[in-house]
Amino acid sequence: MTRPGSGTYAAHAIAALSRCGAKLPEIAGDAGPAPLTARTPVDGSVLAFLHPSTSADVDAAVARAHETFAAWRLVPAPRRGAVVRRLGELLTRHKADVADLVTLEVGKIPSEALGEVQEMIDVCEFAVGLSRQLYGRTMVSERPGHRLSETWHPLGVVGVISAFNFPVAVWAWNTALALVCGDPVVWKPSEVTPLTAMACDALLRRAAAESGAPEGLHHVVLGTAVVGEQLVDDPRVALVSATGSVRMGRAVAPRVAARFGRCLLELGGNNAAVVTPSADLDLTVRAVVFAAAGTAGQRCTTLRRLIVHRSVADEVTNRIADAYGQLAVGNPFDDGVLVGPLVSGASYHAMHAALDTARADGGVVVAGGKRVGSGESFYVTPAVVRMPGQTAIVRAETFAPILYVLTYDTFEEAIALHNGVPQGLSSAVFTTDQREAERFLAVDGSDCGIANVNIGTSGAEIGGAFGGEKDTGGGRESGSDAWKSYMRRATNTVNYSDELPLAQGVEFG
């Protein structure tokens with residue numbers, strides 16, 4: 001990946017789009033709705049002006065996808081997998097182009113951007129294998145001469161509403177699985193990341209055409225929350241998979257439920273790690289620094305709370321503060337930079353306000369929390385804050401690089417602190433004590449959807465189901481049996497006898 005020259009970010013983005021097969025439409029005059037402005041958080045400059053989707057555009061996209069579903073669901077799953085296989089091949093070829101767009105629109109350092117695209121490639125490989133493993137089951141019937149089984153069938157149009165921080169990976173989790181399960185997709189990306197969406201859409205359309213798939217399998221609709229709301233309310237959208245804030249989830253879930261649709265929600269995370277007296281502190285510090293400072297703290301799995309045994313709290317805090325002091329903050333295209341920009345000024349102001357509140361609650365900022373530079377971009381040094389307890393600001397999720405350090409005396413107290421927040425996405429414990437490790441993973445341990453031992457809270461592999469509990473929404477994406485969210489289940493009974501016994505021994509005439 002090469003760094004664009006000064007003032008050429010827009011040209012760099014357009015070139016990457018073109019190589020992926022996407023073109024920017026011309027904005028004609030002042031007619032129609034106000035254009036959607038794509039900016040880069042790297043320096044705040046404009047990358048492109050785009051047409052937002054109108055209500056009629058969204059309706060047409062859903063209608064086309066719904067029409068395509070009638071044909072796509074009849075295609076054998078292994079043939080559906082061929083489209084996803086080709087998508088993975090094209091993503092491999094254009095890995096640097098898509099990663100460039102991720103860096104330009106989100107501000108991720110190139111290593112993380114390339115890793116996100118690799119995650120897309122990995123989930124395509126997973127979905128291709130899955131296309132031959134959409135297994136049902138056969139159960140024992142209580143009635144002689146009867147066979148009882150269940151089968152899985154395509155569900156319908158899947159609406160994907162994604163967030164800015166993982167602009168392409170989460171889309172791929174949903175889309176790769178949805179396609180092999182027989183479902184067309186309508187995607188509403190974050191208004192912050194429209195260009196990555198256009199690139200992915202172009203690659204998928206090419207994959208579909210080259211694989212002989214019907215047109216209309218995939219559509220991108222651009223715009224603000226109004227566009228997402230239309231997907232949420234459309235009865236032709238069988239499943240709404242939405243990633244974002246808890247506030248967004250609270251709005252989406254009841255509206256989809258009101259029309260008896262399905263929701264798959266991935267919402268906020270206020271993730272914690274417990275550090276015990278027996279922990280390998282060298283390993284712990286390395287894991288904590290990446291989990292807390294990576295992506296400038298803008299991951300749903302970012303480590304936000306560190307619950308440390310009192311006997312090692314000072315050492316752990318000081319070592320993390322020292323490590324933070326060595327993190328290069330700046331332009332993500334520069335060599336050696338590990339922390340890029342916050343996505344917007346609003347994110348910076350939210351971080352600043354959270355630190356002010358933490359100080360008012362008795363917290364002490366022991367490292368970071370400073371803005372680097374000025375202008376239209378927002379770079380900050382990741383902050384470490386010692387807190388006297390789990391106050392309201394600690395229990396809230398601030399989408400920025402703030403790590404609150406709490407102390408504990410007993411392991412039971414640590415688990416209580418860990419679970420004492422509304423969110424339940426990712427968690428970790430650092431220990432060399434097997435009893436503590438097993439206790440953390442037990443039913444009365446971590447209450448999160450993801451629980452790790454001796455690794456950080458971020459960086460999940462695609463093979464496991466990804467998702468959380470409580471305010472995180474309870475959905476599961478990516479690996480394991482997450483595919484079941486994109487299909488409907490049917491229970492089947494076949495009577496191959498010449499008798500008609502009723503279940504439970506019921507007699508009728």
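Among contacts in the protein chain between residues at least 6 apart in sequence, what percentage join residues at least 24 apart? The answer is 75%, where a contact means heavy atoms within 4.5 Å.

A word on what you're looking at: this is a predicted model, in which local features need pLDDT of at least 70, side-chain atom pairs count only at pLDDT 80 or more, and totals for chains, interfaces and linings use all residues. Residues are numbered from 1 along each chain as its sequence is written, and side-chain values use heavy atoms, with hydrogens and water left out.

**Figure 1. The whole chain, before we zoom in.** Let's start with the parts list: the protein chain has 15 helices and 23 strands (DSSP runs numbered from the N terminus, with H or I over at least four residues for a helix and E over at least two for a strand). Its radius of gyration is 24 Å, close to the 23 Å that the globule rule gives for 509 residues, so the chain is as compact as a globular protein of that length. That radius is taken over C-alpha atoms, and the rule is 2.2 Å times the number of residues to the power 0.38. Along the principal axes, the C-alpha atoms fill a box of roughly 80 × 65 × 40 Å. Buried residues make up 55% of the 509 (buried is under 20% relative accessible area, exposed is over 50%, and partly exposed is in between, with a 1.4 Å probe and protein chains only). The accessible surface comes to about 21000 Å², and 53% of that belongs to carbon and sulfur atoms; these areas come from the Shrake-Rupley method with a 1.4 Å probe. As for charge, the mean positions of the 44 positive and 53 negative charges are 3 Å apart. Here Lys and Arg count as positive and Asp and Glu as negative, while His and the chain ends are not counted; each charge is placed at NZ of Lys, CZ of Arg, CG of Asp or CD of Glu.

**Figure 2. Phe 164 meets Phe 399, one of six aromatic pairs in the structure.** A pair of aromatic rings is described by the distance of the centres and the angle of the planes. Rings of Phe, Tyr and Trp (its six-membered ring) pair if their centres lie within 6.5 Å; planes under 30 degrees apart count as stacked, over 60 as edge-to-face and the rest as tilted. The centres of Phe 164 and Phe 399 are 6.1 Å apart with their planes at 80°, so this pair is edge-to-face. The two rings link distant parts of the chain, 235 residues apart: Phe 164 sits in the loop between β5 and α6, and Phe 399 in the loop between α13 and β16. Phe 164 is buried at 15% relative accessibility, whereas Phe 399 is partly exposed at 24%.

**Figure 3. Trp 173 and Phe 466 make a tilted pair.** Their ring centres are 4.9 Å apart and their planes stand at 50°. This pair, too, links distant parts of the chain: Trp 173 is in helix α6 and Phe 466 in strand β20, 293 residues apart. Both residues are buried.

**Figure 4. Ser 478, tucked into strand β22.** Ser 478 is buried, at 1% relative accessibility. Leaving out residues up to four places away in sequence, Ser 478 touches Val 123, Phe 126, Trp 173, Leu 177, Ile 462 and Gly 464; you've already met Trp 173 as half of the tilted pair. Ser 478 and Thr 175 are 303 residues apart in sequence and 9.8 Å apart in space, C-alpha to C-alpha.

**Figure 5. Two residues with a positive phi, Ala 296 and Ser 480.** Most residues other than glycine have a negative phi. Ala 296 has a phi near 55° and is found in the loop between α10 and β11. Ser 480 also has a phi near 55°, and lies in the loop between β22 and β23. Is each one buried or exposed, going by its relative accessibility? Ala 296 is buried at 2%, while Ser 480 is partly exposed at 45%.

**Figure 6. Arg 304 and its neighbours in and around strand β11.** Arg 304 is buried, with a relative accessible area of 2%. Among the residues that Arg 304 touches, not counting those up to four places away in sequence, are Asn 270, Gly 297, Glu 397, Phe 399 and Tyr 404. Arg 304 and Ala 238 are 66 residues apart in sequence, yet 35 Å apart in space, C-alpha to C-alpha.
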